[in-house]
Amino acid sequence: MKVQKNITLKRYHSFACDEIAAFFTIVTTKEALIEGIEWASENKLSYLILGAGSNILFTKQFDGLVIKIELNGIQKLQETSSEIILKVGAGENWSHFVSYCVQKSWGGLENLSMIPGSVGVAPIQNIAAYGVEVSELILSVDAFDTIKHEWVILTKQDCAFSDRSSIFNQEPKRYIICAVQFKLSKQPLLRTEFGDIKAVLHQRGISCPSVESIADAVVYLRLIQWPDPKKLGNAGHFYKNPLISKDQYDQLKLAFPSMSAYPINDQNYKIEAEWLIEACGWKGVNRDQVCCDQNQVMVIVNKGATKGKTILDFSEAIKQSVLNKFGIILESAISIV
Ligand SMILES: Cc1cc2nc3c(=O)[nH]c(=O)nc-3n(C[C@H](O)[C@H](O)[C@H](O)COP(=O)(O)OP(=O)(O)OC[C@H]3O[C@@H](n4cnc5c(N)ncnc54)[C@H](O)[C@@H]3O)c2cc1C
């Protein structure tokens, strides 16, 4: 295992801030991962697991060991005339993996095309887009349990998937994901009803869509709707949609009739964080080279700030204004270190 000292994390996370890791290593095998954890423990240091860095903000120097996961490989475990089971290394690039499946016409993941990140992090937040959650395609997750100090295989039920959540973020830092098993279909049920997929297919004169044409439509829509993290540093949606009680919803709806929210059950509503942020006047505000994206205010973009703290301060100012105006606490959807 090769440990580098005092390296900048700029190229290892999509906000691209110039924060330093005191120690840094890239692991390509499970053995090297264990070595990294033991090295940190022997040196009385904390460690941080890093995937592609597209859902994390470093706000200061990290004094421990950053372990970047590059456990790669796509292995075919089983194939029948109707389905295929794949085991994919946590370090594989998510978008490349989806393209690989789409090219072979294996269906299920096409609506999740072009989401930045690594395969290993997809189950953590149960990544979702255009009406599909990744958990629908996951059979199991291979991970290292840092409490029991053993390798485990968590079935889909063990993973306790729900909306943007799983056991992995309910028990943060307990599991280090090394591989994910997916079941894909050769006769997939294609999902075109979300977002503008149908409209794009219609514009292109496609009446019988395929896995490929849906993936193409999703990529087209994402190119228009999302800022490219390679050009404009960002980590996707910065906040979660907050959950509030029906009583609070009723009071707010009276005061703000245009408020955008949807019921989760009889007692709770989710409010669109986007609406709250826009209502606080953040659209178009630029402070210290940090602003909200012009298409999606939920995405905070870095237009040149070198320090993560500048981005954190901007996000805290948004949170404070939402709290002052609506009495609602916005929670971050990304990891803040
Ligand atoms: C432009 C843009 C668009 C996006 N669109 C979407 C979208 O449509 N839908 C969606 O769901 N998300 C979206 N995201 C969010 C992001 O792509 C996902 O959260 C992605 O899964 C992050 O993967 P990563 O490898 O980059 O995670 P990282 O940022 O590397 O890590 C995120 C967290 O997981 C931990 N971690 C990393 N690797 C492991 C591992 N192997 N085991 C355990 N813990 C680990 C890290 O410590 C950190 O806490 C978007 C992000 C961007 C920048």
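User: In this predicted model, what order do the strands of the open sheet of 4 strands have, and what is the pairing?

Analyst: A sheet is read by listing its strands from one side to the other. In this predicted model, the open sheet of 4 strands runs in the order β1-β2-β5-β3, and its pairing is mixed.

User: Which strands stand at the edges of this sheet, and why is one side of each left without a neighbour?

Analyst: An edge strand is recognised by counting its partners. Here β1 (4-8) and β3 each have a single partner strand, so one side of each has no neighbour in the sheet. As for the twist, neighbouring strands of this sheet are turned by 40 degrees against each other on average, with direction ignored.

User: How many bridges join β3 to strand β5, and do the two run parallel or antiparallel?

Analyst: Pairing is read from the bridges and from the direction of the strands. Strand β5 (residues 62-69) is joined to β3 by 4 bridges, and the two run parallel. As one such pair, Leu 50 has Lys 68 in β5 as its bridge partner.

User: Which strands does helix α1 lie across?

Analyst: The packing of a helix on a sheet is described by the strands it crosses and by an angle. Helix α1 (residues 30-42) lies across β2 (20-27), β3 and β5, and its angle to β5 is about 175 degrees.

User: What is the order of the open sheet of 3 strands?

Analyst: The reading proceeds as before. The order is β16-β17-β18, with antiparallel pairing. At the edges stand β16 (286-287) and β18 (300-302); each has a single partner strand, so one side of each lacks a neighbour in the sheet. Strand β17 (residues 290-292) pairs with β18 over 3 bridges in the antiparallel sense, and Cys 292 stands opposite Ile 300 in β18. Helix α9 (residues 308-326) lies across β16, β17 and β18, running at about 155 degrees to β18.

User: Which residues come nearest to the ligand?

Analyst: A ligand site is read as a shell of surrounding residues. There are 32 residues around the ligand, and Gly 51, Gly 117, Gly 120, Ile 127 and Gly 236 come nearest. Two or more residues of the shell come from each of β3 (47-50), β8 (128-129) and β12 (175-185). Strand β3 gives the most, with 3 residues. By class, the shell has 20 nonpolar, 12 polar and no charged residues.

User: Between which domains does the ligand lie, and why?

Analyst: One asks which domains supply the shell. Both domain 1 (4-69) and domain 2 (74-225) give residues to it, so the ligand lies between them. The domain assignment also gives domain 3 (243-336), and the C-alpha centres of domain 2 and domain 3 lie 28 Å apart.

User: How many helices and strands are in the chain, and what is its radius of gyration?

Analyst: The chain has 9 helices and 19 strands. Its radius of gyration is 21 Å, which agrees with the value near 20 Å for a compact globule of 337 residues. Along the principal axes, the C-alpha atoms fill a box of roughly 55 × 55 × 40 Å.

Notes:
Residues are numbered from 1 along each chain as its sequence is written. This is a predicted model: local features need pLDDT of at least 70, side-chain atom pairs count only at pLDDT 80 or more; totals for chains, interfaces and linings use all residues. A residue is near a molecule or strand if its C-beta atom, placed from the backbone, lies within 6 Å of it. Ala, Val, Leu, Ile, Met, Phe, Trp, Tyr, Cys and Pro count as nonpolar, Asp, Glu, Lys and Arg as charged, and the others, Gly among them, as polar. Domain bounds come from an automatic or database domain assignment. Two strands pair if DSSP finds at least two bridges between them. Axes are lines fitted to C-alpha atoms, for helices over the stretch in contact, and angles run from 0 to 180 degrees between N-to-C directions. Two residues are in contact if their C-beta atoms, placed from the backbone, lie within 7 Å. The radius of gyration is taken over C-alpha atoms; the globule rule is 2.2 Å times the number of residues to the power 0.38.
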